[in-house]
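Take a moment with the sequence and the 3D view. We will walk through a few places one at a time.

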Amino acid sequence: MSTLLDTLNTEQHAAVTSESRHTLVVAGAGSGKTGVLVKRCTWLMQTEQASPYEIMAVTFTNKAAKEMRYRIEQTLDQPLPGLWCGTFHSLCHRLLRQHHDIAGLPEHFQILDQDDQHRLLKKIQKQMNLDEAQWPAKKTQAIINQFKEQGIRAAQAFQETTHYAQTMGMIYHAYESHCQQSACVDFAELLLKTVECFETFETLRQHYHQRFKHLLIDEFQDTNTLQYRWIKNLCGPHTRITAVGDDDQSIYSWRGAKMDHLLTFKRDFQPVEIIRLEQNYRSTATILNAANHLIACNAERMGKNLWTEGHEGERIKLYHAYNEFDEAQYICHQIQKAQSEGLPLSDMAILYRSNAQSRVIEEQLTRAAIPYRVYGGLRFFERSEIKDALGYLRLIVSRSDDGAFERIVNTPTRGIGHSTLAHLRDTARAQNISLWDAAEHCIQNQTLPARGHQALQAFLHLIDALDHDTQTLSLSEVCAHISEHSGLIEAMQKDRSHRGESKVDNLHELAHATRHYTPQNTALPPLVDFLANISLDQGDLNENNTQSSVQLMTLHASKGLEFSTVFLVGLEEGLFPHQMCLQDPKQLEEERRLCYVGITRAMRSLHLSQAECRRLHGQETFQRPSRFISEIPDNLLDVVRMSHQTPTLSNSSSAFNQHPHHLPQSVELNRPYPLGSQIQHTYFGNGTVLNYEGQDAHTRIQVAFDQVGIKWLMLNQAPIQCASR
């Protein structure tokens, strides 16, 4: 047992071996909380003789759950099938599968992912003759999910008598009815249905009180109202909870997370021992000191101070750019410098507040021939051809899955048009049946025109045949058979472009991927289990990219990651902190926590940048530097100043006063007037240089003139010169 505890510091040791009824671990960034949770779970089994069957570990991502299970099993050197380890959604899914009869669900109910839910709401609102412009389905989707995450059903929502409230109530009611009829549940429903079962059926709740003696919960600061209610229902009179969280990294209030749960935990779960993990194993002392000073400006926090036994490290680089192009060129320069010194591109990340900021950065990285990857790009199972194949698989499993029916009924094209579908929807709605049943009814009663009748009948026969022919096949064989015999591959092959070839390759890859799939719930048929886990998987990992590349991502997406070098860009008032948060103290504190998260992603080197001028929402704006810069002590910052020239692609080797390093020859262009410099035009008067585009004789220069506004000019023709000083 000494081996298990040997590498722990004093606070980690206390958290792993705590004998308290409940333990709240306030774990700072980079403090080794994952290792603490793994060793806590191992300690319970090895020392306190807890059975894996008695332990439930809850995480927020499938990646974290898989990593935790793997590390626990590696430590104990044995598989632990009895251990429940997963996300809130995956654990609720498991509970509902086991108790579907109590929950009022069929055995093979389907899960609606975000895209399926959105498509369904669009269809419902169209049936209600609601204008998409006035009633955007995305907004409706967000509102319904917010109500569900607060535990509020359609019958309790929208009690106001306004037209808006009454209409939203009708949409929510129609959505609930459709989901019940189609035997589908969305992500929020997984939690809400489970909580309702616990609160309705005392014997069910007592069963799990007796079973789970230990609950281990990660990222506790990110729990929403319904998740907290779920935890309280699972905690029996003899249950012990270990909750790990960090109030300073609570950045998801916009999706219902409540940092207050860290405070209410002390009230709702007594007695409780609070342990703070403040020793950091990731960043240099300089980076940690900056993060500590920044977050100390927040009033609502439990309080902690990160520190390290590691070295002081270099000071944080602060670059004041003229505009976003200048900022991006500085980043490219620093990336190439670091790469020339041996740092892999994959160890560098560019973090921004808004996705819109990435365009200029991507453009400059491309010009500089620097490989990059946007973290959070389109994932494999979100690609249209894959979702089409999954639609066939879903309909084979459950004929009442209307979302799958609508997606594939005319994919590939088989002559089933809008009028036929409209007739099916009307029939389904009038008789309160699924679209599949409506199709059978229309065929039996011959209520469709001959062409639509024949096409629809052929489709139903196709699905029945695919179902029959795949009964004895393995999961990968089922996927291959469906892709081939549904007509999907044949349709893709007609597109002889690279795009068509890529889609065919992806369908083949689907069969290959399922060949290595390990069922998560052996009590379910492999196909049912596979479809459920695909829906639950929120794509925590992007696809592997073998080429080393710089990582671009939003600050929200960066949480939980770490990089040797980090560029935190766009530190301007109105951008970061965001304009919408400036007047709300609570939202402003969350913006500061978001900045804290960004800073603590850096291990060795951190670059901060702000632009004096930036084009936002189609307009050039001049913003003050972010208050977050001033909240970092000056002695921790190294201001990277420009020489007498503002850096451009042609002069970047001499523009920065630190370690000159040339950009590739391919991007050294003739640009005689530095960005931000003043020029004089014979007719337009004085102006400021904003940007360039093109090269050689085709080079154009963008200038903001004092009198006539912003104009693009041909560089070799414009009557301009440097403005006299």
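Over how many bridges do strand β20 and β21 pair, and in which sense? Strand β20 covers residues 700-705, and it pairs with β21 in the antiparallel sense over 6 bridges. Keep in mind that this is a predicted model.

Look at how the two strands are linked. β20 and β21 form a hairpin, with 3 residues between them. Close to that turn in the text of the chain, find Phe705: it stands opposite Gly709 in β21. Now move along to Ile701. Its bridge partner in β21 is Leu713.

Next, turn to the other partner of β20. β19 and β20 run antiparallel, and 6 bridges join them. Phe705 appears again here: Gly687 stands opposite Phe705 in β20. Ile701 also returns, as the bridge partner of Tyr692. Phe705 therefore faces Gly709 in β21 and Gly687.One more pairing extends the sheet. Strand β18 (residues 678-681) and strand β19 (residues 685-693) pair in the antiparallel sense over 4 bridges. A hairpin joins β18 to β19 through 3 residues. In this pair, His681 stands opposite Gly685 in β19.

Now put the strands together. What is the order of the 5 strands in the open sheet? The order is β21-β20-β19-β18-β22, with antiparallel pairing. β21 (709-714) and β22 (720-722) stand at the edges. Each has a single partner strand, so one side of each is left without a neighbour in the sheet. From one strand to the next, the twist averages 40°. As you trace a strand, remember a general point. In a regular strand the side chains alternate between the two faces of the sheet.

Leave the sheet and look for the nonpolar cores. How many residues does the largest nonpolar core have? It has 48 residues. Phe405, Leu424, Leu456 and Phe459 have the most contacts inside this core. Helix α17 (residues 384-397) gives the most to the core, with 8 residues.

Zoom in on Phe405. Set aside its neighbours within four places in sequence. Phe405 is then in contact with Leu395, Leu424, Leu435, Trp436, Ala439, Leu456, Phe459 and Leu460. Another core lies apart from the largest one. This other core has 42 residues, among them Leu105, Val195, Cys197 and Cys235.

The last stop is a single residue in a loop. Find Gln221 between β6 (214-217) and α12 (225-234). Is Gln221 buried or exposed? Gln221 is buried, because its relative accessible area is 0%, and the cut-off for buried is under 20%.

What does the side chain of Gln221 make polar contacts with? One polar contact is with the side chain of Glu219, at 2.8 Å. Another is with the side chain of Asp222, at 3.4 Å. Gln221 also touches residues farther along the chain. Not counting residues up to four places away in sequence, Gln221 touches Val244, Gly245, Asp246, Gln249, Ser250, Ala257, Lys258, Met259, Leu262 and Lys559.

Definitions and conventions:
Residues numbered from 1 in each chain as written. Predicted model: local features only at pLDDT ≥ 70, side-chain atom pairs only at ≥ 80, totals over all residues. Heavy atoms only, no water. Pairing = 2+ DSSP bridges. Axes fitted to C-alpha atoms, helices over the stretch in contact; angles between N-to-C directions. Buried < 20%, exposed > 50% of the residue type's maximum accessible area, 1.4 Å probe, protein only. Polar contact = N/O pair within 3.5 Å; in protein donor to acceptor, adjacent residues only side chain to side chain. Contact = heavy atoms within 4.5 Å. Core = buried A, V, L, I, M, F, W, Y, C linked by side-chain atoms within 4.5 Å.
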